[in-house]
Amino acid sequence: MQETYTAYLIETRSVEHTDGQSVLTDSLWRRYSEFELLRNYLLVYYPHIVVPPLPEKRAEFVWHKLSADNMDPDFVERRRIGLENFLLRIASHPILCRDKIFYLFLTQEGNWKETVNETGFQLKADSRLKALNATFRVKNPDKRFTDLKHYSDELQSVISHLLRVRARVADRLYGVYKVHGNYGRVFSEWSAIEKEMGDGLQSAGHHMDVYASSIDDILEDEEHYADQLKEYLFYAEALRAVCRKHELMQYDLEIAAQDLASKKQQCEELATGTVRTFSLKGMTTKLFGQETPEQREARIKVLEEQINEGEQQLKSKNLEGREFVKNAWADIERFKEQKNRDLKEALISYAVMQISMCKKGIQVWTNAKECFSKM
Amino acid sequence: MDMNSFSPMMPTSPLSMINQIKFEDEPDLKDLFITVDEPESHVTTIETFITYRIITKTSRGEFDSSEFEVRRRYQDFLWLKGKLEEAHPTLIIPPLPEKFMVKGMVERFNDDFIETRRKALHKFLNRIADHPTLTFNEDFKIFLTAQAWELSSHKKQGPGLLSRMGQTVRAVASSMRGVKNRPEEFMEMNNFIELFSQKINLIDKISQRIYKEEREYFDELKEYGPIHILWSASEEDLVDILKDVASCIDRCCKATEKRMSGLAEALLPVVHEYVLYSEMLMGVMRRRDQIQAELDSKVEALTYKKADADLLPEEIGKLEDKVECANNALKADWERWKQNMQNDIKLAFTDMAEENIHYYEQCLATWESFLTSQTNLHLEEASEDKP
């Protein structure tokens, strides 16, 4: 059984400094699943980075039933742009651009998949990160991350809402334009029986046809705008992933600290002979006889070793945690600036599209008006 | 023939009527002004109905006063139309708005329906006033001036329902014969009417559909702007731009609403009136055919010596005159009607185009000023960054 899939051609150009000309250095084909593999790898190895999202796998927020087809050339083209954008974002990221696997994605034609899997990144991946429903009772999360999580939830919710309404608005606009096309046909038929009005009707009808067909390009352009917003919809997910990683680290830290504290307490109790906390061992010794001082010494020694180990681990976890927060926050600041720039640009491009649509409208209706007045 | 006097004895020859047409549209010669307004609901034990206030202002001598105010209900308009059709069977009488809403309503008297009807009734009376012949019709004058009880008693005169029914039966019977002997020019007219009727009905449907689509677009667009405001609540750096975009969308929304109401005012009623006119025209053709059929049947009777041969030539003479009058009246009125139709359609579509141009111009100005303010902002920020 043969499977049909779309492959995308990736051409890498390096800019030669001497003459400013770009030289084609690499050219290979990749399919969507390979992009997904690359991203999953990056998520594991750079949990503190807001990893650029992929364009959607299936068309969503469609305004017209036709564009829901994955094989639709318009959809494929828009996805191509999205994938190109994804790679450009990685290439322009100060840290991600240096990754070896990313470099190989652009240059190693065969066996790239094996190379990625050999890194064993899937084993490194913390399955808890994927468990979206699990909540971790973190006692002292960094407030900035809690706020960031709320922000990413709000961002996701508001952009989804906006995209849904935009799709409905586009649908209605399509209807308005297309119905005017019906005038074209009727005017043309009517002009056959009208001696004086005939020419005016005929040419006005032509303009109505032009008006009706102009909506296709207009809405295609708007789809690109929607894609720009979608990217940030998916970025919200990437933000949440970083917050989640912090949560997990903080959770592990707190568990380790708790564990250490309880071991220290146990040790203290054994040393002083007082039992302040209930323990099964304590109960059994009470019921079945005290242990010998030698046994107790042995246990204390084990505990002290564990405590030492635990303290080392806690220290390194703390360090890790602080490093993570520092690096993550640096990337989040970078991301915020990028987001503000990009969204401003997108909104401005939306205005430009509206202006173009209005200008077309004025032209068509001015022409039509002239035809009507000549009737 | 003195063209500047408006004596009640209106000559009916086509020549004078055509001359009348030339001066018709000059405003200073108009001497009858009618408005229809103030719909009022009346409730009796038997029924509920609406009356409309009709104000007439005139300088004509044959009117007892220069200003009249009366109240009429739809039934009264129907009566007037019937009388006009009776008196002038081959003139193109203006159409009345429909008795019932096409799509069937739960409430007989919703505000939009009443307003649409009021406007159409206003148009109806003014069209009669502008018509060179109909404007001097006696029933028309009574309609405009008589008090309610006077009108009731006047209505009771004239041919009763039964005789009118009899007329209809004869009309149907003889209309078939009339079609066979229809002169060439009226065949052409009939063809035109049939095609026109098809096209205008289509245009009516398309125009109604456009209004519906524009309304649905407006309803969705209303929701679109506010989402940007919602978004701005969580974006401290994008608050201003998002709010600006929201206000641009809202302004475009208002422009859309205006375009919609423009369409409803300028285009829809005109197109719909001509849908009704096309039905009216078919009725006129039938009546003309019927008059001719009467003549033809008498001629046939003479040819085959069916009935009293002595009286026939005189009857035929009268009928021949009747046919000639009817045909001439129709021909003249047809030219007048076509001219008006072309003007009205032309104006209606030109207005629609104008509404659309205005709509796009407003939206363009909105977005352009947004873009300018963003560019200015950007320049400001750039100059601030410079050392």
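These exercises work through a predicted model with chains A and B.

**Exercise 1. The make-up of each chain**

Task: State how many helices and strands chain A and chain B have, and give the order of the elements.

Solution:
- Step 1. Start with chain A. Chain A has 10 helices and two strands.
- Step 2. Read along its sequence. The pattern of chain A is β-β-α-α-α-α-α-α-α-α-α-α.
- Step 3. Turn to chain B. Chain B has 10 helices and three strands.
- Step 4. Read chain B from the N terminus. Its elements run α-β-β-β-α-α-α-α-α-α-α-α-α.

**Exercise 2. Buried residues**

Task: Find what percentage of the residues counts as buried in chain A and in chain B.

Solution:
- Step 1. Recall the cut-off. A residue is buried if its relative accessible area is under 20%.
- Step 2. Take chain A. Of its 375 residues, 44% are buried.
- Step 3. Take chain B. Of its 387 residues, 45% count as buried.

**Exercise 3. Helices from two chains**

Task: Describe how H7 of chain A and H7 of chain B lie relative to each other.

Solution:
- Step 1. Know what to look for. Two packed helices are described by the angle between their axes and the distance between the axes.
- Step 2. Locate the helices. H7(A) covers residues 143–191, and H7(B) covers residues 184–232.
- Step 3. Take the distance and the angle. The two axes come within 8 Å and cross at roughly 165 degrees.
- Step 4. Apply the cut-off. Angles over 145 degrees count as roughly antiparallel. H7(A) and H7(B) are therefore roughly antiparallel to each other.
- Step 5. Add the handedness. H7(A) passes H7(B) in a left-handed crossing.
- Step 6. Sort the contact by class. The contact of H7(A) with H7(B) has 25 nonpolar, six polar and 11 charged residues.

**Exercise 4. Helices within one chain**

Task: Decide whether H2 and H3 of chain B are roughly parallel or roughly antiparallel.

Solution:
- Step 1. Locate the helices. H2(B) spans residues 74–87, and H3(B) spans residues 111–130.
- Step 2. Take the values. Their axes come within 12 Å and cross at roughly 30 degrees.
- Step 3. Apply the cut-off. Angles under 35 degrees count as roughly parallel. H2(B) and H3(B) are therefore roughly parallel to each other.
- Step 4. Add the handedness. The crossing of H2(B) and H3(B) is left-handed.

**Exercise 5. Enclosed space**

Task: Describe the cavities of 30 Å³ or more and their linings.

Solution:
- Step 1. Count. The structure holds two such cavities.
- Step 2. Take the largest cavity. About 170 Å³ of space lies in it.
- Step 3. Find its lining. The largest cavity is lined by 18 residues; A:Tyr350, A:Gln354, A:Met357, B:Tyr217 and B:Leu221 lie nearest its centre. Elements that give two or more residues to this lining include H7 of chain A and H7 of chain B.
- Step 4. Sort that lining. The lining of the largest cavity divides into 15 nonpolar, one polar and two charged residues.
- Step 5. Take the second largest cavity. About 30 Å³ of space lies there. Among its lining residues are A:His180, B:Glu214 and B:Arg259.
- Step 6. Find the main contributor. H10(B) gives the largest share of the second lining, three residues.
- Step 7. Sort this lining too. The lining of the second largest cavity has two nonpolar, two polar and three charged residues.

**Exercise 6. One residue**

Task: Place B:Glu324 and say how exposed it is.

Solution:
- Step 1. Locate it. B:Glu324 is found in helix H10 (residues 312–385) of chain B.
- Step 2. Classify it. Its relative accessible area is 48%, so B:Glu324 is partly exposed.
- Step 3. Relate it to another residue. B:Glu324 and B:Ala266 are 58 residues apart in sequence and 38 Å apart in space, C-alpha to C-alpha.

How values were computed: Residues are numbered from 1 along each chain as its sequence is written. Chains are lettered from A and ligands numbered from 1 in the order in which they are written. This is a predicted model: local features need pLDDT of at least 70, side-chain atom pairs count only at pLDDT 80 or more; totals for chains, interfaces and linings use all residues. Side-chain values use heavy atoms; hydrogens and water are left out. Axes are lines fitted to C-alpha atoms, for helices over the stretch in contact, and angles run from 0 to 180 degrees between N-to-C directions. Helices (H or I, at least four residues) and strands (E, at least two) are DSSP runs, numbered from the N terminus. Angles under 35 degrees count as roughly parallel, over 145 as roughly antiparallel, 65 to 115 as roughly perpendicular and the rest as oblique. A crossing is left-handed if the near helix is turned anticlockwise from the far one by less than a right angle, and right-handed if clockwise. Ala, Val, Leu, Ile, Met, Phe, Trp, Tyr, Cys and Pro count as nonpolar, Asp, Glu, Lys and Arg as charged, and the others, Gly among them, as polar. Buried means under 20% relative accessible area, exposed over 50%, partly exposed in between (1.4 Å probe, protein chains only). On a 1 Å grid over the protein atoms alone, a cavity is a set of points where a 1.4 Å probe fits but cannot get out, and a pocket is an open set with protein on both sides within 12 Å along at least five of seven lines; lining residues have an atom within 4 Å of a point. Grid points are joined across faces, edges and corners, and a volume is the space filled by probe spheres set on the points.
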